[in-house]
Amino acid sequence: VRSTSCLSDSPFSRNFAEIESCASRIQRVASALLAVVTPLAVIGALYLWAILRTQLARLDEATGQSASTLIAAIFTIAALAIPVTAIINNDALAEFLGGYSALFLLCYPILTVSIALALHRVGVEGLTAPGVRRVIIVLGVIGAAGTVDLVYSLDQRPAVKSALLNHTLVFEPLIVLTQPLFDLDGDGYSGLLGGGDCNDSNPKVHPGALEIPRNAIDDDCFDGDSPGSAPPAVIVPKEIQPAVSRGLVERPNILLITVDTLRADHVGYMGYERDTSPNLDGLAANGLRFSWAFAQGPQTRLSVPSMFTGRYYSEIDRSTETWPRIYDSNVTMAEHLKAAGYRTAGVPAHRFFVPNYGLHQGFDHWDLSIVDRFQTRTPFVVTGNLSSARALKWLKKQQPKDAPFFLWIHYFDPHFKYRNHPQFSFGDSELDRYDSEIRYTDEQIGKVLNWIQDSPFAKNTYTIVHSDHGEGFGMHGYLHHGQHLYNDQVRVPLIVHGPGLPPRQIDTPVALIDVLPTALDLAGVQPPNDLTGISLVAFGTETKPPVHPPVFIEMLKDATHSDRRVIVDWPWKLQYGITFDEYTLFNLAQDPEEQYDLHTHNRAEFTRLQKRLRLWMSSQVRPIAPR
């Protein structure tokens, strides 16, 4: 524990190499603690194994058969069934383990067989000798005491806790599995094992609760009871309120393109070295390109409903399922534009968009031909060509004299499972195939963009291209997406292109929650007063770039996900893991890949952002309980 003071006492001027050295030292100490303390509790079980083996030997002698072999086989099967069941029933654990799942499955049977072989070699007499017995008992007591200390005192050692959560293979899945056992009031937050629940006897009090001013209760377990002096529910300065049409084009068409699972740093105009996105690069070179755009969640089920409604996922009226139905009480982008006289059409490529999930609201034409054709097999087939073909079929029926259109196209191919496209091959690795999928999807998007450019709609059509989330590829221990809020999972490309918008790169952090007010602004539609996001049109029309409020990102706790929140206030990004009551702070200007957690040595920025994030959580976001 003494060696962890290197972070808490470090000045902010310490360079990243020194910080990394310090973090490595913490990691070694934390790993040593985990490797020595917790497994010591298992040593005490060796004595029980010796007694069990004695009894099994007596059973074999009494029955004249090898009953112990059958019992050992049952124990081995049970040992295998436990981790198999845990992984099948817990997506978070499966996603975290990724390529280590097979090793995790095998470790218990291997441990069982290894202990049995060791006991056969050592012999019962050796393990039950008085001296050995005393050593085993002492080590078992020490291991048990260390484990109890870990459960009760983890929050008092934040540096060790951070290292255990972020730099070890087994600790986070261990918490995912065991922390619910310590949740005494059933509110989803534990008072022990780093859960951060300050009152585990009151289900209305926990780190994710709304803070009620002046009720003499610290509802959200942060900074005591609120005095009630919080600012209004949504902080948006008047000068950046969404505006009515800026007069760029009268009654323009709106083309919205969503590319599933496209990481921002894997497209060419964002600096990627591979030629993965020539068509998107060309669009970005002639429009507004946002360097730091963030999804409001790390999965389609969180991100797209938020983008469609202009609300945070927690504010959306929805059902209780992990993949929820979005209820009719929500007003979508298509509904806003349809009410303004737009013809609306959508071409989805995944089953989350069947009508049962509610995201079809407001679309006159909802083309489910791709979904109906492939059902649940969409991740295993190529659909990008079909998305473009169906969109073009609809577009070719439209006439310039008709009412303006809003068309949404969904491209799914970059999502796992990745396929290699021989005409765009980069190699045989998973990452190579992912890039091949991006290049293929870009080619399909190019077909639509080229048709628009050669059509009568070219002069009055705005195109918005974005992704709904990224992909991990092991950068922070996750292969795919949905289980964390690091940039590799939530930083997305965002392009706004059309007449009157100059070629411009915008480095201000923005969010997908801004897409709805942006589309309404371009269409000249008065936005509702309760939208959280702001229009991004001013970034292309104003000489002085507007101020954008901090960006917030959510991942809500459910059966397969931990509870997390993020604030991005350039250049800082603070992530709060509510389930584990832990914080990480990154300077994105210097560390865009989020390798160096600075929260323990830059206390001023950490405290400022912590208060701002907790204020947003407790009194500004307007959550709706799923029903």
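Which residues point one way from S14, and which the other way? Keep that in mind as we tour this predicted model.

**Stop 1: strand S14**

Select residues 572-577, which make up strand S14. Show the side chains and look along the strand. Trp572, Leu574 and Tyr576 point one way, while Lys573, Gln575 and Gly577 point the other way. Are these residues buried or exposed? Every one of them is buried, so S14 counts as mostly covered, with 6 of its 6 residues buried, where buried means under 20% relative accessible area.

**Stop 2: back to strand S13**

Now add residues 564-569, and you have strand S13. S13 pairs with S14 in the antiparallel sense, over 6 bridges. For one spot to zoom in on, pick Val568 and Lys573 of S14, which stand opposite each other. Then trace the chain from one strand to the other: S13 and S14 form a hairpin, with 2 residues between them.

**Stop 3: on to strand S15**

Next, select residues 582-587 to bring up strand S15. How many bridges join S14 to S15? There are 6, and these two strands run antiparallel. Two pairs are good to label here. Gln575 stands opposite Thr584 in S15, and Leu574 has Leu585 as its bridge partner in S15.

S14 and S15 also form a hairpin, with 4 residues between them. Click on Asp581 in that turn: its phi is positive, at about 50 degrees.

Now turn on the side chains of S15. Glu582, Thr584 and Phe586 point one way, and Tyr583, Leu585 and Asn587 point the other way. S15 is mostly covered, with 6 of its 6 residues buried.

**Stop 4: a pair of helices**

Leave the strands and select residues 384-395 for helix H14, together with residues 430-453 for helix H15. Their axes come within 8 Å and cross at roughly 10 degrees. That angle makes H14 roughly parallel to H15, because angles under 35 degrees count as roughly parallel.

To see where the helices touch, show Gly384, Asn385, Ser388, Leu392 and Leu395 on H14. On H15, show Tyr440, Gln444, Ile445, Lys447, Val448, Trp451 and Ile452. Try coloring this contact by residue type: its residues divide into 7 nonpolar, 4 polar and 1 charged.

Conventions: Residues numbered from 1 in each chain as written. Predicted model: local features only at pLDDT ≥ 70, side-chain atom pairs only at ≥ 80, totals over all residues. Heavy atoms only, no water. Axes fitted to C-alpha atoms, helices over the stretch in contact; angles between N-to-C directions. Parallel < 35°, antiparallel > 145°, perpendicular 65-115°, else oblique. Contact = heavy atoms within 4.5 Å. Nonpolar A, V, L, I, M, F, W, Y, C, P; charged D, E, K, R; others polar. Buried < 20%, exposed > 50% of the residue type's maximum accessible area, 1.4 Å probe, protein only. Pairing = 2+ DSSP bridges.
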